[in-house]
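Hi,

Here is the structure I said I would pass on. Have a look at it first, and then read on for what turned up.

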Amino acid sequence: YGGVGILVYDIDNGHRWIKRIPTWAVPPGKEPENIKGIAASAKTGRLYVTTTARMASFDLATDKMLWDKVYDGGCDRMAISPDGKLLYVPSLEGPHWHVVDAATGDVIAKIELNSGAHNTAYGLDGRAVYLAGLKSPLLAVVDPKTHTVSKKIGPFSNSIRPFTVNGSQTLCFVNVNELLGFEVGDIKTGKMLHRVEVTGYE
């Protein structure tokens, strides 16, 4: 493998490779842990990486690993708050998300949706977090002040895969299983609005 680590590229210089930041040592005869998610904060200068079992924090000024924590149920694709203080970390397609203190890696809360936790997005204003599971057609909206679900959007036509929300957090755009295309939801009313299908392909 050439070394397990974070690869850094210069996007202003033709995506030239700059360096590899080392992460975890791999014992002889063992496979590296699959990387699941990555998030960073410009405000704190920290970068976070999840594997199927753990999450680690790195100082981007020194490339040093600051902490390395194993979480119950493993980790998937997390999201960081705009102020860099909180991380919402899904378990590995499990029942819950952990709310993690970004400075220490400590768990502050646990949100159990039993939805096959998978993808996470933080609203740009920091007032809402969006949680999607592989086993649910509903997109959960969480209030990060209380770490509780404030509403659910959908149901969509199938389980939600990658998704995004617009900057004003009025609409969500979700990919779902068995659809080449996407569906659109109204975040304010919680209703599905549109289905966009790509035609001409299997």
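Before the strands, one convention: two strands count as paired if DSSP finds at least two bridges between them. Also keep in mind that this is a predicted model.

With that in hand, start at strand 4 (residues 46-51), which has a partner on either side in sequence. Thr 50 stands opposite Met 55 in strand 5, and these two strands pair in the antiparallel sense over five bridges. They form a hairpin with two residues between them. Going the other way, strand 3 (residues 35-41) also pairs with strand 4 in the antiparallel sense, here over six bridges, and Ala 39 is the residue that stands opposite Tyr 48. Strand 3 and strand 4 make a hairpin too, with four residues between them, and Gly 45 in that turn has a positive phi of about 70°. Strand 4 is largely enclosed by the rest of the structure, because five of its six residues are buried.

Next, the cores. The largest nonpolar core has 16 residues, and those touching the most other members are Tyr 130, Leu 139, Phe 156, Ile 160, Phe 163 and Cys 172. Strand 12 (129-133), strand 13 (139-143), strand 15 (160-165) and strand 16 (171-176) each give two or more residues to this core. A separate core of 14 residues lies apart from it, with Ala 79, Tyr 88, Leu 113 and Val 142 among its members. If you want one residue to click on, try Tyr 130: beyond four places in sequence, its contacts include Leu 139, Val 141, Phe 163, Val 165 and Ile 187.

How many disulfides are there? A search of the whole structure finds zero. As for the cysteines I looked at, Cys 75 counts as buried because its relative accessibility is 0%, and Cys 172 is buried at 0% as well.

Now the charged residues. The structure holds eight salt bridges. Here are some to look at:

- Lys 19 bridges to Asp 63, with the closest N and O atoms 2.9 Å apart. This pair links distant parts of the chain, since Lys 19 is in strand 2 (residues 16-22) while Asp 63 is in the loop between strand 5 (54-59) and strand 6 (64-70), 44 residues apart. Both ends are partly exposed, Lys 19 at 31% relative accessibility and Asp 63 at 23%.
- Lys 110 bridges to Asp 72, the closest N and O atoms being 3.7 Å apart. It is another link between distant parts of the chain: Lys 110 is in strand 10, Asp 72 is in the loop between strand 6 and strand 7 (79-80), and 38 residues separate them. Lys 110 is partly exposed at 45%, whereas Asp 72 is exposed at 53%.
- Arg 195 and Glu 183 meet at 2.7 Å, N to O. Arg 195 belongs to strand 18 (residues 192-197) and Glu 183 to strand 17 (residues 181-186), so the pair ties together parts that are 12 residues apart in sequence. Arg 195 is partly exposed at 38%, but Glu 183 is buried at 0%.
- Glu 33, Arg 54 and Asp 68 are joined into one network by salt bridges that share partners.

Two loop residues are worth a click as well. Asp 106 lies in the loop between strand 9 (96-101) and strand 10, and it is partly exposed at 40% relative accessibility. Its side chain makes a polar contact with the side chain of Lys 69 at 2.8 Å. Asp 106 and Lys 69 are 37 residues apart in sequence, with their C-alpha atoms 8.3 Å apart in space. Other contacts of Asp 106, leaving aside neighbours within four places, include Val 99, Val 100 and Asp 101.

The other one is Ser 115, in the loop between strand 10 (107-112) and strand 11 (117-122). Is Ser 115 buried or exposed? Buried, because its relative accessibility is 7% and the cut-off for buried is under 20%. Outside its neighbours within four places in sequence, Ser 115 is in contact with Gly 94, Trp 97, Gly 133, Leu 134, Lys 135 and Ser 136.

Cheers

Notes. Residues numbered from 1 in each chain as written. Predicted model: local features only at pLDDT ≥ 70, side-chain atom pairs only at ≥ 80, totals over all residues. Heavy atoms only, no water. Buried < 20%, exposed > 50% of the residue type's maximum accessible area, 1.4 Å probe, protein only. Contact = heavy atoms within 4.5 Å. Core = buried A, V, L, I, M, F, W, Y, C linked by side-chain atoms within 4.5 Å. Disulfide = S-S within 2.5 Å. Polar contact = N/O pair within 3.5 Å; in protein donor to acceptor, adjacent residues only side chain to side chain. Salt bridge = Lys/Arg side-chain N within 4 Å of Asp/Glu carboxyl O.
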